Amino acid sequence: VDFSTKSLFVNAWLEKSGIAKIARNCSDKVSTMFGSSFALGEVHGAAFLGSSCVRSFRLAIAGKSDDDQSSNIADCWKHCCSIVSFLGKGLAHSDTAIGNACSKGLVIAFSYDDQDAPILNQRLFDSMAVAIDSMNSALKKYSSIDHADPTRASSLIQAAGLLLAASTYGAGFTKGAVLDEDGSISIDLGPARLQCTESLFAVLGSAVYRKDDELSLIVGEALVKYADAVGTGDWSSGTDSELKEGPYDEAYAFNLPPHQHILYTMFRRELLSSNPMKRNSCAATLLALIGHASHTAHINPSSTQRAFIQEIRKNLILFQGSFIKLLADPKSKQLSRESCCKGLAGCRGLAAAINPSEVVGESLSQSLNAKLLKTFGQTTKYAGSAMQETETEASQRRNEADGNNETNGQETQAGGAAGMSEATLGAY
């Protein structure tokens with residue numbers, strides 16, 4: 001890339017578009033939401049317009065040298081960083097409309113079109129750290145029993161996934177206990193990212209999950225963005241051929257690359273939880289992981305070399321075993337069982353996409369077939385059990401939670417794998 005030519009282009013674009021002035025006005029409007037009185041429409045509109053300015057500017061300047069100190073670029077960086085910080089601080093705003101506007105604004109600001117996340121400019125590190133730290137607090141608040149709000153939690157989870165993905169190139173950035181201009185201790189981007197992933201895992205089986213179990217699928221999609229933000233690359237912590245055995249080790253987990261961090265935490269901690277609701281929630285999260293890998297591998301065969309897909313391929317047996325164990329759990333809910341069935345199909349699809357004709361691929365497919373037949377025998381013994389939720393019961397539970405007592409007229413089903421013939425499981 002000819003950075004000198006790109007620098008001229010960016011400067012000319014900034015002058016003609018007036019984006020620096022727009023960003024400054026948006027920053028001023030958004031900052032008013034922390035006052036005693038504010039205009040809701042102005043803050044709402046400024047959040048969306050300002051986030052669009054941030055996205056346009058950071059993608060236009062991605063990969064550009066920081067040597068250019070022109071006033072237009074410096075001013076634009078200043079106002080964009082302010083917008084990101086304000087949007088982050090507004091995530092837990094008491095006004096629901098403002099909070100949702102801030103989370104959706106962050107989704108716009110840090111979205112990207114390529115498969116890999118663009119390099120995050122260092123000037124955004126501090127404001128990104130503030131946004132992620134505020135995200136942690138907001139996720140904890142709206143996942144707790146006192147403030148459980150599925151709609152708001154869903155919006156926060158989606159924003160958290162993009163924040164984690166966009167900040168991948170600042171994952172190892174720490175600067176210690178440095179004081180900001182206001183005298184407060186600055187927030188490090190690297191540790192803030194790790195705490196954000198912990199906040200996402202904490203949603204599984206939480207009070208807000210009890211109100212909407214589909215949040216576990218949204219958490220899985222957010223973790224996918226975090227784990228697959230970079231296709232290939234060398235991580236400072238290195239990589240291990242296999243996940244560490246034994247009890248969960250937090251220090252070890254925090255030193256792993258994102259694609260290994262997610263799988264290690266899922267298999268060594270979340271799935272081993274003694275809370276049946278936590279285990280149930282893991283099924284949809286695992287489905288999001290294996291579904292993304294299988295879909296990507298089929299759409300673009302060259303993407304099978306991405307670190308995330310290769311890591312799932314190495315641990316495919318763990319995925320199969322986990323889905324089978326959850327499927328046989330007598331306390332599994334309808335969404336959990338449905339996720340397990342689709343997850344097993346995803347395992348078979350990924351094995352076929354990565355090794356269509358090799359012996360390894362054939363052995364994985366044969367192993368899956370054998371385990372599916374075994375699963376059929378395990379789950380049918382719970383047919384009719386009051387412990388296992390059917391699809392009709394799941395629908396009634398959701399209606400009651402929403403205050404709607406109307407029945408949907410579905411046929412009554414027995415629990416377990418009733419309704420799924422052996423031929424159907426064999427087809428999977």
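## Helix packing and selected residues in a predicted model

The crossing of helices H4 and H5 is left-handed, and this pair makes a convenient point of entry into the structure, which is a predicted model. On the H4 side the contact is formed by Val84, Leu87 and Gly88, and on the H5 side by Cys102, Gly105 and Leu106. Sorted by class, the contact between H4 and H5 holds 4 nonpolar and 2 polar residues, with no charged residues. Helix H4 covers residues 71–89, and its axis comes within 8 Å of the axis of H5, the two crossing at roughly 140°. Because angles over 145 degrees would be needed for a roughly antiparallel pair, H4 and H5 count as oblique to each other.

### The chain as a whole

The chain contains 19 helices and 0 strands. Of its 428 residues, 50% are buried, while the accessible surface of the chain amounts to about 19,200 Å², with 52% of that area belonging to carbon and sulfur atoms. When contacts between residues at least 6 apart in sequence are considered, 72% of them join residues at least 24 apart.

### Two further helix pairs

Helix H5, which spans residues 96–109, also packs with helix H3, which spans residues 40–60, and here the axes come within 8 Å and cross at roughly 10°. Since angles under 35 degrees count as roughly parallel, H3 is roughly parallel to H5. From H3 the contact draws on Leu40, Val43, His44, Ala47, Phe48, Ser51, Ser52, Val54, Arg55 and Arg58, and these meet Ala97, Ile98, Ala101, Lys104, Gly105, Ile108 and Ala109 of H5. By class, this contact of H3 with H5 is made up of 10 nonpolar, 4 polar and 3 charged residues. Gly105 of H5 takes part in the contact with H3, and Gly105 is also listed in the contact of H5 with H4.

Elsewhere in the chain, helix H12, formed by residues 258–270, packs with helix H14, formed by residues 307–314, at an angle of about 35° and with the axes 9 Å apart. The crossing of H12 and H14 is right-handed. His259, Gln260 and Leu263 supply the H12 side of the contact, whereas Ala307, Phe308, Glu311, Ile312 and Lys314 supply the side of H14. The classes represented in this contact of H12 with H14 are 4 nonpolar, 2 polar and 2 charged residues.

### Four residues and their surroundings

The table pairs four residues with partners that lie elsewhere along the chain, giving for each pair the separation in sequence and the distance between C-alpha atoms.

| Residue | Partner | Separation in sequence | C-alpha distance |
|---|---|---|---|
| Leu217 | Ala283 | 66 residues | 8.5 Å |
| Val203 | Tyr142 | 61 residues | 9.4 Å |
| Lys342 | Ala284 | 58 residues | 9.5 Å |
| Gln115 | Ser303 | 188 residues | 9.6 Å |

Is Val203 buried or exposed? With a relative accessibility of 1%, Val203 counts as buried, and its place is in helix H8, which runs over residues 189–203. Setting aside residues up to four places away in sequence, Val203 touches Ser143, Ile157, Val208, Tyr209 and Val219.

Leu217 belongs to helix H10, which covers residues 215–227, and at 32% relative accessibility Leu217 counts as partly exposed. When residues up to four places away in sequence are not counted, Leu217 touches Ala284 and Ala288. Ala284 appears again as the partner of Lys342 in the table, the C-alpha atoms of Lys342 and Ala284 being separated by 9.5 Å. Lys342 itself is placed in helix H16, made of residues 334–354, and its relative accessibility of 44% makes Lys342 partly exposed.

Where does Gln115 lie? Gln115 is found in the loop between H5 and helix H6, the latter covering residues 125–143. Its relative accessibility is 39%, so Gln115 counts as partly exposed. Apart from neighbours within four places in sequence, Gln115 is in contact with Asp228, Ala229, Thr296, Asn300, Ser303 and Arg306. Ser303 is thus one of the residues that Gln115 contacts, although Gln115 and Ser303 are 188 residues apart in sequence.

Definitions and conventions
Residues numbered from 1 in each chain as written. Predicted model: local features only at pLDDT ≥ 70, side-chain atom pairs only at ≥ 80, totals over all residues. Heavy atoms only, no water. Axes fitted to C-alpha atoms, helices over the stretch in contact; angles between N-to-C directions. Helix = DSSP H or I, 4+ residues; strand = E, 2+ residues; numbered from the N terminus. Left-handed = near helix turned anticlockwise from the far one by under 90°. Contact = heavy atoms within 4.5 Å. Nonpolar A, V, L, I, M, F, W, Y, C, P; charged D, E, K, R; others polar. Buried < 20%, exposed > 50% of the residue type's maximum accessible area, 1.4 Å probe, protein only. Areas by Shrake-Rupley, 256 points an atom, 1.4 Å probe, with all protein chains shown as cover. Parallel < 35°, antiparallel > 145°, perpendicular 65-115°, else oblique.
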